[in-house]
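Q: Please take a close look at the charged side chains and the cysteine links of this chain, and describe how they are placed. A connected account would suit me better than a list.

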Amino acid sequence: MRVHHVRAKRVAALVVTALTGLALAAGTVPAGAAPSTAAAAGAVPLAAAEPGAAKPRAAGEPGPRVEAEPRAGIGTGAEAGGDAAALGDDGATRAVYDYAGAIRESVNVIAPDLDGDGDLEEIRADIIRPAELDGVAEVPVVMDASPYYACCGRGNESELKQYDESGDPTLFPLYYDNYFVPRGYAYVAVDMAGTGWSTGCTDHGGRSDVLSVKAVVDWLNGNASAVDPDTGEPVVADWTTGKTGMLGKSYDGTLANGVAATGAEGLETIVPIGAISSWYDYDRAQGLPFSANYPRFLMSYVARNRHVPTDCAAITEELNAAADDASGAHNAFWDERDYRSGPVFDASQVTASVFVVHGAQDTNVDTPNFSRWWTALGEQGVERKLWLTRLGHVDPFDSDRAEWVDTLHRWFDHELLGVDNGITDEPAVRVEVTPNEVVTSDTWPVTDRTARLRPGADGSLALGARGRRADVGWVNAPRQSFNAALTAGANPNRLLFRTGTLTSDLRLSGAAAVTTTVTHGAPTGQITVGLVDYGVLDRVLGAGDGAITLPTESCYGESAGIDDACYRDVIRNIGSTELQVLGRGWARLDGAGTHTLTVEMQTNDVVVPAGHQLGLVIMGTDRGATVTVDRAATPYSIDLRRTSLQLPVSGPMTSFAPGRSLVPAADEVSRDSLLPEESVTVPR
């Protein structure tokens, strides 16, 4: 079993006399400005204000001008060209380097021929790093590689890269550069192959996507070459320690997962946020695609507005066909795009530490992507950390800004600079189990056991042994959505089972699953299962991923020119709802007849309070969630004796109290209780 060891370089306390006494540029915006506490009705602030933070400003207003604190002495590595860091009293690196005067440059890193045209690829890396340390001390790298820097933008504000008339970068999206460069890091923003200023073609998370980014990590570590985009002259990364930390949300974090799964030298840590670990799990579930021709759509989508015109149509069509929507099978195309256990990328090759972040209500990058990755990493002994929120596809910089920036800062200080700040001695796992209620643990999932519940012919759902054989059924409704199937009343197009009333709070931690034997007569059938919490409660709502953007801004880092460190504040969208869907699962049933299978639902970690009831919904087509393979009114039936619901639980669950049904009628359900309308999404 491989165990990750932090390869930390000692940060010494030597003073660089040539740099002491330099002042921060006046007029920059301080780190740690407090986000607004203004809240819309029914909403709760996502992040608490930090002591001494600057007052938030409305969007469009000039940022506050503050006097810079005196510059402290700057520590540097004892060996020549070592790390440089200035630590404050709190043990964290301090903002002592001038952001406005930082070196901004671009290089084209040479990568293998990834699109098969016979030419090596050139992958654009835009760099910003402290000028004071140039030729004096080496610095580690924070990197966000993305396909979105030209086409679609990054972050809640959808920022794009911008350049001056000479082609030098003037705006790096997101706050990472503003925050980390003054603290002695370099920041590198990479255009994935086939996007932005990079050559080549996109390939839906495959070799081209990942290896194009890995080439930049290799260049930073001295194992690849690069050239000046204007002159073609070789460029050497002699300013870096060779230690890189990759991070990013969605596709960006997915690239970090992929590069880590190559075992790239010099990649010390990754922080994937709402990221994909298996493109099969992103695109489909147990043989059912979530939408048709999705690889073609996404590959073309991210290549929009690229600056290097390239005809990738043939590659796009070839890969789209290889994905094989018709069978839904996990074939060689998907094997290549599996970072957990694929032939190219594999968790057994990961040597970087991994700080996983995900929203438990993420319906874009479904939660099995984080939970199965977490498990695979644990099996390999990789150093891990986990944040799980009650939001959807939301960056914690937006959702929990002050705490997140502090945690990420300390994580990079430890992993890239070797600062002994105790972060790895803290609980490894932080989970928001109800709105704004956070619990910590050393392991995840937090389960005492798997409770097995069995459905009854009377619509009950109870603990206990198998009963007598009995068949119950429904008629497939090709246009029925899950929202239409979870309410009370006669409905021949689904089965609904419910428990009695919970007598104590119950924590579900992990993925629920249904094992059943189902019979149908369609050439190709499909089954949907879902777990529902019935009972009125204040919850993070599904609309807008549970987040509301405010008109005010808060600032984290320093600003210069058009690249400021100020971003719109965000609050949780919390409201009272009658129910909440805790997870769904889908599966394809090839061939008419009887099938015995287990359908795994989306991973969750949530507290269901005493007084609520759990419901199990079983149906055929879930319109809008997956493609429809059974378009007929096909009868389906399940054998109740061979059907069970497995729940990963923590806490007592010995019995249920009797009570009236809490399942509401359709006209009693608010829109906020229902799942958001399904639409084609992209991993952004």
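A: In this predicted model, a network of salt bridges links Asp400, Glu403, Arg430, Glu432 and Arg572. Side chains of opposite charge can pair when their charged atoms come close. The count of salt bridges comes to 26, and several pairs outside the residues just named can be followed one by one.

The pair of Arg372 and Glu600 forms a salt bridge in which the closest N and O atoms are 3.1 Å apart. Because Arg372 lies in helix α8 (residues 368-379) and Glu600 in strand β30 (residues 593-608), this contact ties together parts that are 228 residues apart in sequence. Arg372 counts as partly exposed, at 27% relative accessibility, and Glu600 is likewise partly exposed, with a relative accessible area of 33%.

Asp281 and Arg340 also meet through their side chains in a salt bridge, at 2.7 Å from N to O. Here the link runs between distant parts of the chain, with Asp281 in helix α4 (residues 279-283) and Arg340 in the loop between α7 (332-336) and β17 (353-359), 59 residues apart. Asp281 has 12% relative accessibility and therefore counts as buried, and Arg340, at 14% relative accessibility, counts as buried too.

A further salt bridge brings together the side chains of Glu105 and Arg129, at 2.6 Å from N to O. This pair joins two strands, since Glu105 belongs to β5 (residues 103-111) and Arg129 to β6 (residues 121-129), and the two residues are 24 residues apart. Arg129 has a relative accessible area of 7%, so this residue is buried.

Other charged residues form a surface patch: Asp164, Glu165, Asp168 and Asp230 make up a negative one. Among them, Glu165 sits in the loop between β8 (162-163) and β9 (169-171), and because its relative accessible area is 88%, Glu165 is exposed.

Turning to the cysteines, the count comes to three disulfides, and with bonded cysteines counted along the chain they follow the pattern 1-2, 3-4, 5-6. Cys151 and Cys152 are joined in one of these disulfides, with their sulfur atoms 2.1 Å apart. The torsion about the S-S bond of Cys151 and Cys152 is about -95°, so this disulfide is left-handed, and both Cys151 and Cys152 are buried.

Another disulfide is formed by Cys201 and Cys312, whose sulfur atoms are 2.0 Å apart; with -85° about the S-S bond, the link of Cys201 and Cys312 is left-handed. It connects distant parts of the chain, for Cys201 is in the loop between β10 (186-191) and α2 (207-220), while Cys312 is in the loop between α5 (294-302) and α6 (313-323), 111 residues apart. Cys201 and Cys312 are both buried.

The disulfide of Cys555 and Cys566 has an S to S distance of 2.1 Å, and with 100° about the S-S bond this link is right-handed. Its two ends lie in strands, Cys555 in β28 (residues 547-555) and Cys566 in β29 (residues 566-590), eleven residues apart. As for burial, Cys555 and Cys566 are both buried.

Technical notes
Residues are numbered from 1 along each chain as its sequence is written. This is a predicted model: local features need pLDDT of at least 70, side-chain atom pairs count only at pLDDT 80 or more; totals for chains, interfaces and linings use all residues. Side-chain values use heavy atoms; hydrogens and water are left out. Patches are made of residues with over 30% relative accessible area and no salt bridge: like charges are joined within 9 Å, nonpolar side chains (Val, Leu, Ile, Met, Phe, Trp, Tyr) within 5 Å. Accessible areas come from the Shrake-Rupley method with a 1.4 Å probe; for residues, only the protein chains shown count as cover. A salt bridge is a side-chain nitrogen of Lys or Arg within 4 Å of a carboxyl oxygen of Asp or Glu. Lys and Arg count as positive and Asp and Glu as negative; His and the chain ends are not counted. The place of a charge is taken as NZ of Lys, CZ of Arg, CG of Asp or CD of Glu. Helices (H or I, at least four residues) and strands (E, at least two) are DSSP runs, numbered from the N terminus. Buried means under 20% relative accessible area, exposed over 50%, partly exposed in between (1.4 Å probe, protein chains only). A disulfide is a pair of cysteine sulfur atoms within 2.5 Å.
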